[in-house]
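Work through the exercises below with the structure open. Try each task before reading its solution.

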Amino acid sequence: MISKLPTNLPPHLSFKFIRIYINSGDLRRARQLFDTISEPDLRSWTILIDAYTERGFPKEAIKLYAELHKKDIQPDKLLLLSVAKACAASVDINKAKEIHENSIKLGFGSDLVLGNALIDMYGKCRCSEGAVKVFARLHVKDVISWTSLASCFVNCGLPRDALRAFREMGLHGVKPNSVTLSSVLPGCSDLKDLSSGKEIHGFVVRNGLGDNVFVSSALVNMYASCLSIKHAQLVFENMSQPDVVAWNAILTAYFLNGECKKALCVFQRMRTEGVKLHYASWNAVIGGCMQNGLTKAALEILDQMQDFGFKPNQITITTLLPACITLESLRGGKEIHGYVFRHWFLEDVTVTTALVFMYAKCGDLELGRRVFNMMHMKDAISWSTMIFANSMHGDGEEALSLFHRMLFCGMKPNAMTFTGVLSGCSHSRLVDEALSIFHSMRSDHLIEPDAEHYSCMVDVLSRAGRLNEAYEFIQNMPTEATAGAWGALLGACRIYKNVDLGRLAAKRLFEIEPNNPGNYIQLSNIFVAAKLWEEASETRKLMRDRGIVKIPGCSWVEVRNKVHTFVAGDKRNDHRDEISRFLDELGEKMRLAGYMANTEFVLQDVNQEEKENLLCNHSEKLAVAFGDKKMSIWKGKMSSWSQDTVLPVNENIQTFMEATEFFEMPHEEKLVREACRGAAKRHGVGKNFLQDEALAEDTAVMT
């Protein structure tokens with residue numbers, strides 16, 4: 001290794017020494033030598049920019065190009081190619097657009113090689129509009145041009161456009177290669193388009209491309225996505241020497257088809273047969289377990305992954321965060337957030353967006369907002385997630401404000417964005433704003449409203465008490481109304497005591513989803529509230545005759561890493577006597593203070609005392625009482641324990657108001673979250689919060 005940097009070298013020797021340092025892996029000394037050169041030639045700029053990108057420092061490469069730009073040095077085509085690769089690697093859309101503009105100004109707008117690189121760059125940055133502009137300027141388009149465009153469409157979530165480009169490619173006489181096929185097949189997977197997938201498979205067979213491992217793996221994944229597992233198995237078994245990519249594909253195929261045991265057996269075979277596992281393998285099995293509800297298995301695989309020396313990467317993190325949502329573990333989510341911070345993953349848009357969603361679903365919107373505000377880059381999914389988060393927590397005004405900020409920033413909303421903002425308008429009864437946004441979808445954003453958007457509008461009108469308008473809206477929908485739309489109307493009929501419309505909505509729901517117990521219970525509640533006891537009884541009888549049973553809800557509190565579960569009126573709980581005494585003592589104190597139980601949400605035909613007794617034993621109250629008592633004990637034992645705490649609870653709408661009123665105490669804040677939408681309701685005057693998870697799920701106090 002050269003110990004001293006050479007000085008005063010002519011340009012060709014400077015370039016030679018820079019290349020020697022780069023090839024030896026000493027990028028730091030290469031840069032030091034470069035900085036000593038008064039006027040480095042374009043080759044030196046280019047090789048150093050390339051080196052930064054290849055070694056995983058694309059942002060440094062872009063900074064170096066910015067220095068060249070400041071010195072008014074005119075780049076050539078090769079240097080622009082290098083910077084385009086750096087922009088693609090860093091997913092920097094702003095710099096990508098700048099490089100595109102520079103290419104046009106310098107007369108390279110129609111250059112085939114640079115144009116192909118720019119299309120690929122836009123694809124990596126998920127900007128289909130930019131890729132289309134570059135493609136349109138090319139006078140000559142080769143297989144790489146068409147492949148890059150199709151791949152860009154797939155990356156941008158536009159699989160139909162990808163297939164259209166693939167077909168146009170053939171019409172223009174350009175023959176697809178293996179890269180084209182492996183790039184387009186994921187589009188068939190996204191669309192569940194088995195017919196197009198089989199056509200491409202036929203092309204593969206006719207042109208002898210079946211031995212290509214990437215094509216075969218893409219075929220396996222396509223068949224699995226289209227729920228054609230037998231074809232997926234056949235393709236895999238016909239591969240002469242499947243590599244780890246193919247193994248991962250069949251592994252994923254079984255998970256996608258819900259055959260988890262077979263998938264885990266395949267994973268075990270991979271390990272016993274000496275297949276060299278990499279991150280994609282571990283992430284595939286963790287992701288597969290999560291998608292199929294095997295949260296504990298996913299966490300066990302994570303432990304094994306780390307035992308094998310693989311540290312969780314960005315994909316692992318985004319795959320695992322839903323486990324915190326499933327297990328309602330805010331503490332676990334915070335631990336993952338800490339890992340993300342320590343390993344410098346905060347600049348990954350997908351990871352930070354997943355963190356925002358996790359915090360929102362676990363009940364801490366403020367932490368989700370902080371993560372969102374710290375994000376350097378935000379894409380449409382990030383904005384939509386934050387809009388959804390506020391909607392889930394019942395803050396429609398903030399969701400609407402975020403939507404307008406998103407538009408002001410020049411970000412194009414998608415269908416999911418509109419679902420989120422309309423949902424927020426629904427919870428905050430912003431009817432006029434919702435109608436305006438709904439009508440702007442077609443006129444301003446060229447997005448055709450789907451069934452979800454129509455259901456949101458029915459919910460908007462229903463929650464605002466405009467039930468007749470909601471019914472008319474359903475009648476005028478261009479497609480058949482979904483269960484979501486009728487369900488929104490039925491729920492509003494319960495609140496606004498509209499028996500006639502409730503009957504009508506329930507009748508349609510019984511046809512659409514006859515086995516959903518919630519619809520029967522909602523109708524029965526409407527009859528009970530109207531004191532139509534006979535019709536309520538008939539509805540319950542119809543439910544029993546059809547063999548429909550509502551699974552009893554339960555609530556649980558996780559304290560000090562141990563989960564304690566409660567069911568309404570449960571006599572088998574180990575802590576029942578302790579909780580009962582606590583509730584009796586607390587109830588007596590509150591009665592002396594003038595508190596009156598709100599029995600509106602007890603729907604049985606029983607006397608007032610029995611109603612109060614039922615409320616005292618519903619699962620949310622039992623869970624919160626247990627958590628509250630335990631925290632009181634720990635506060636006394638631990639001087640460092642904050643006197644202000646947050647107790648997050650998932651609860652049943654029927655008992656939500658009464659439970660909230662009952663547990664509103666001085667110096668403590670209770671975070672009560674409706675299970676159906678995660679709406680956060682804050683009570684109390686706490687300032688500093690030490691959070692302990694207390695999590696409850698939907699329960700019913702009905703017989």
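**Exercise 1.** Find the salt-bridge partner of D26, and give the closest N and O distance.

*Solution.* D26 pairs with R29; their closest N and O atoms are 3.8 Å apart. That fits the criterion: a side-chain nitrogen of Lys or Arg within 4 Å of a carboxyl oxygen of Asp or Glu. Next, check accessibility. Buried means under 20% relative accessible area, exposed over 50%, and partly exposed in between (1.4 Å probe, protein chains only). D26 has 12%, so D26 is buried. R29 has 10% and also counts as buried.

A note on the model before going on. This is a predicted model, in which local features need pLDDT of at least 70 and side-chain atom pairs count only at pLDDT 80 or more, while totals for chains, interfaces and linings use all residues. Residues are numbered from 1 along each chain as its sequence is written, and side-chain values use heavy atoms, with hydrogens and water left out.

**Exercise 2.** Is D41 buried, partly exposed or exposed? Name the residue with which D41 forms a salt bridge.

*Solution.* Start with the pair. D41 bridges to R43, with 3.7 Å between the closest N and O atoms. Now the accessibility. D41 is partly exposed at 21%. R43 is partly exposed at 44%.

**Exercise 3.** How far apart in helix α22 are R369 and E366?

*Solution.* Locate the helix first: α22 covers residues 365-374. Helices here are DSSP runs (H or I, at least four residues), numbered from the N terminus. R369 and E366 are three residues apart, so about one helical turn separates them. They form a salt bridge, with the closest N and O atoms at 3.0 Å. E366 is partly exposed, at 35% relative accessible area. Elsewhere, salt bridges with shared partners link R31, D35 and E67 into one network. The structure holds 23 salt bridges.

**Exercise 4.** Which loop holds R429, and which holds K531? Give the phi of each.

*Solution.* Recall the background: most residues other than glycine have a negative phi. Take R429 first. Its phi is near 55°, a positive value in a residue other than glycine. R429 sits in the loop between α25 (415-427) and α26 (431-445). R429 is partly exposed, at 47%. Then K531. Its phi is near 60°, again positive in a residue other than glycine. K531 lies in the loop between α31 (517-529) and α32 (533-545). K531 is exposed, with a relative accessible area of 60%.

Terms used
Helix = DSSP H or I, 4+ residues; strand = E, 2+ residues; numbered from the N terminus.
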